[in-house]
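Work through the exercises below with the coordinates open beside you, and try each task before you read its solution.

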Amino acid sequence: MEQFIDNLPSMDLMRSEKMTFVQLIIPAESAHRAISYLGELGLLQFCDLNADKSPFQRTFVNQVKRCGEMSRKLRFFKEQIIKAGLLSSMHPVSEPDVELEELEIQLGEHEHELIEMNSNSEKLQQTYNELLEFKMVLQKAGDFLVSSNSHAMAEETELNENVYSSNGFIETSSLLEQEIRPGPSNQSGLRFISGIICKSKALRFERILFRATRGNMLFNQAPADEEIMDPVTAEMVEKTIFVVFFSGEQARTKILKICEAFGANCYPVPEDITKQRQIIREVVSRLSELEATLDAGIRHRDKALSSVGYHLTKWMSMVRREKAIYDTLNMLNFDVTKKCLVGEGWCPIFAKAQIQETLQRATFDSNTQVGIIFHVMDAMESPPTYFRTNCFTNAYQEIVDAYGVARYQEANPAVYTVITFPFLFAVMFGDWGHGICLLLGALVLIAREKKLSTQKLGSFMEMLFGGRYVLLLMSLFSVYCGLIYNEFFSVPYHIFGGSAYKCRDATCSDAYSVGLIKYQDTYPFGVDPSWRGSRSELPFLNSLKMKMSILLGVVQMNLGILLSYFNAHFFGSSLDIRYQFVPQVIFLNSLFGYLSLLIIIKWCTGSQADLYHVMIYMFLSPTDDLGENQLFWGQRPLQIILLLLAIVAVPWMLFPKPFILKKLHTERFQGRTYGMLGTSEMDLEVEPDSARQHHEDFNFSEVFVHQMIHSIEFVLGAVSNTASYLRLWALSLAHSELSTVFYEKVLLLAWGYDNLVIRLVGLAVFAFATAFILLMMETLSAFLHALRLHWVEFQNKFYYGDGYKFRPFSFALINEDDD
């Protein structure tokens, strides 16, 4: 058996690529080029040899700062280009490479020029806004003053005609009456302030003015004819023109302060209409000149931004690469002579030749006399985990890695997740109508793969696009399970021939199950359509799906335990095989493997035995006669044997391993044996050179408690995990019943009315419910439950998940967020 396993061909995704720890000694003059070439190759992960130093104490901190400053300038250019509505060139232009120092000078010049242009543009825009406001205030306030003057003249004429008509009254009129007689505003003390304010502040502004002057003012307002652009935000703002009439110097001071507090701009408006018209003409003339100047400035700035935008993508990529190179160089150490940089890191064994070739090319291109030394070293720490994935397997690997990255060389659950994950999803989601809808969505994403991979997607779309192949297999398996369940939007079809049942006589045509008899062979594939709508539909489907869930669960848990054997065999841990794998297989299959066997026998024989009764009394009364619940000859003695095996398996898991470990540890440090102990528990504590560890490193009580927890967890988990697989039945039932409710109570109900509007409304509600509840919420629900079954029920049988990912230095992995 072991020889057969050893002769099996290796599988890239089954275990991590073999890694090796290497050291590089690079001459200082070729260090930059060597790291650059390694970044293009992307197969070497550097270790930080300066972890104890802060970022400001590292050798190349000034170069990193310069790159950071250039990144800031490039982001500033990008923001200005977007703000101006221009498009930067998405494809880098082909031109000779510029040096970093030259690029730094160019960016500084461009930034200075652009800041100066923006400053001038803001000043011009501010002047333009003030003149535009002044023009609108002159026009609107002039209208207010003309209307108030005409009103005053009418009152004065009426007063002269009616009140002061008699000559004697003029001499005898009181001082008060003379005081209230209308006259020019400067004689009576009535004054005004005109200006403009944001429309959103006008109401509060008026209230504050009223309270500050205690109502001794007249407030006139009118909306501005044009919106005014804010020079800072470049947004158009609605404004309101106002004129406040008041009396007294104290009121004037208060009003001016309130105007200042509200950001209102006040402009002087002469009362003379001739002067108003003359000023308006001057303002209009200056506005036209400013418009021409602003347009010329905007054209000049857009031209400058376009020239920058033409190279922006290439420059940003170059600066990102340079910053990544210097960040990596900061992880290296100078040797004693300060002439060479020493670096250490991990690389896959298959990449050693490529890395050496790359380093030789860097030495040649640098014209240096001293070559780069590359050699393999022994490492104390565990290597990183590296799986070579493609666009199909990557999403499944990400699902597994979200739980935990595999320990180095540990069996990778993603190999099996590729099939088991979409299949278990489909068991819960099985409906070939809904499956076809998901399939169409997956095919659209795959068909537009090249286009979408170059676009920046939202978080939801990015997640959906990343899992397009997961969605593809989920939909295909959903179609398959839907055909087994014989459900197309909850409606059964006679796809694979006629039903095996027919009516005994004509009277049973309206009764679903009463009078039905089996007259031909069983329906060839899936559930017979005659079950749909029958009185025994739910009991039959519940029994079928519940038993099927247990069978699937026991098979997947056995697969997990089998993988623990392959792990133990690979790492050479005979203890794990004898005292973990064997008792776990015996315990699980003595109970739930036996239950699975009973289910299959009951299906094959058509027996009416009660399996609940059999399993309960297997524990309570194992020696009692089974009676009508006996499914096969010799069942009772077999149950007693299986029960005894399950009981024996618990101490088998718990006691031998800790005591054997203690014995081996004691012997090793007494000099009797120096054999390597390759158990997974010891791997947690000691490295391959464990002979150099101290005697106190082994703690028997800790090992025993760990083993006890592990054993109790497995025994309890065997029951709870099997019960957990019943979610396959529950969610499948819920999906089927929801589909039936929407079909019968919405679509068929609406179709029963002879009214087009009601039918269309019913169709719309059915489509909405199918799309958002069944295709979105139910998909998400089934996805999360399938995720739980893999993370907890399957992976806890063999998967440690305490490794760390191989993260090579690669320019391809640098994104815009690294700026």
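The exercises that follow concern a predicted model, and each task is paired with a stepwise solution.

**Exercise 1. Helix geometry**

Task: Compare the expected span of helix α14 with the distance between its end C-alpha atoms, and then state which residues of α14 are buried and which helices they pack against.

Solution: Begin with the length, which is 16 residues, from 432 to 447. At 1.5 Å a residue, a helix of this length should span 22 Å, and because the end C-alpha atoms of α14 are 22 Å apart, the two values agree. Next, take the burial: Trp 432, Gly 433, His 434, Gly 435, Leu 438, Leu 439, Ala 442 and Leu 445 are the buried residues of α14. Their packing partners are α13 (414-429), α15 (449-453), α16 (459-466), α17 (468-485), α25 (727-751) and α26 (756-794). Finally, inspect the start of α14, where a side-chain oxygen of Asp 431 comes to within 2.9 Å of the backbone nitrogen of Gly 433.

**Exercise 2. Salt bridges across the chain**

Task: State how many salt bridges the model contains, and examine the pairs formed by Arg 321, Glu 226 and Glu 487 for distance, location and burial.

Solution: The count comes to 23 salt bridges, taking a side-chain nitrogen of Lys or Arg within 4 Å of a carboxyl oxygen of Asp or Glu.

- In the pair of Arg 321 and Glu 40, the closest N and O atoms are 3.1 Å apart. Arg 321 lies in helix α10 (residues 273-329) and Glu 40 in helix α2 (residues 28-41), so this salt bridge ties together parts that are 281 residues apart in sequence. Arg 321 counts as partly exposed at 29% relative accessibility, and Glu 40 counts as partly exposed at 46%.
- In the pair of Glu 226 and Lys 135, the N to O distance is 3.9 Å. Glu 226 sits in the loop between β4 (218-223) and β5 (228-229), while Lys 135 belongs to helix α4 (residues 100-162), so that distant parts of the chain, 91 residues apart, are linked. Glu 226 is partly exposed at 37% relative accessibility, whereas Lys 135 is buried at 15%.
- In the pair of Glu 487 and Arg 532, the closest N and O atoms are 3.1 Å apart. Glu 487 is in the loop between α17 and β12 (501-503), and Arg 532 is in the loop between β13 (516-518) and α18 (537-570), 45 residues apart. Glu 487 is buried with a relative accessible area of 1%, and Arg 532 is buried with 18%.

As a last step, look for shared partners: Arg 66, Glu 101 and Glu 104 are joined by salt bridges into one network.

**Exercise 3. A sheet and its edges**

Task: Give the strand order of the open sheet of four strands, and name the edge strands.

Solution: The order is β4-β7-β3-β8, and the pairing is antiparallel. The edges are β4 and β8 (265-266), each of which pairs on one side only. At the β8 side, two bridges join this strand to β3 (residues 190-198), and Gly 195 has Cys 266 in β8 as its bridge partner.

**Exercise 4. Annotated spans**

Task: Take the UniProt features "coiled-coil region" and "transmembrane region", and describe the chain within chosen spans.

Solution: The unreviewed UniProt entry places the coiled-coil region at residues 100-127; over these residues the chain is 100% helix and 0% strand, with end C-alpha atoms 40 Å apart. The record's transmembrane annotation includes residues 423-446 and 756-777. Residues 423-446 are 92% helix and 0% strand, and their end C-alpha atoms are 20 Å apart. Residues 756-777 are 100% helix and 0% strand, with end C-alpha atoms 30 Å apart.

**Exercise 5. Individual residues**

Task: Determine whether Gln 397 is buried or exposed, and then characterise the backbone and setting of Arg 214 and Asn 367.

Solution: Gln 397, found in helix α12 (residues 394-403), counts as buried because its relative accessibility is 4%, under the 20% limit. Leaving out residues up to four places away in sequence, Gln 397 touches Leu 13, Phe 387, Thr 389, Asn 412 and Ala 414. Arg 214 has a positive phi near 55° although it is not glycine; Arg 214 lies in the loop between α8 (202-212) and β4 and is exposed, with a relative accessible area of 76%. Asn 367 also has a positive phi, of about 55°; Asn 367 lies in the loop between α11 (352-365) and β11 (373-377) and counts as exposed at 66% relative accessibility.

How values were computed
Residues numbered from 1 in each chain as written. Predicted model: local features only at pLDDT ≥ 70, side-chain atom pairs only at ≥ 80, totals over all residues. Heavy atoms only, no water. UniProt positions renumbered as here; feature names shortened; annotations may be inferred. Expected span 1.5 Å × (residues − 1). Buried < 20%, exposed > 50% of the residue type's maximum accessible area, 1.4 Å probe, protein only. Contact = heavy atoms within 4.5 Å. Polar contact = N/O pair within 3.5 Å; in protein donor to acceptor, adjacent residues only side chain to side chain. Pairing = 2+ DSSP bridges.
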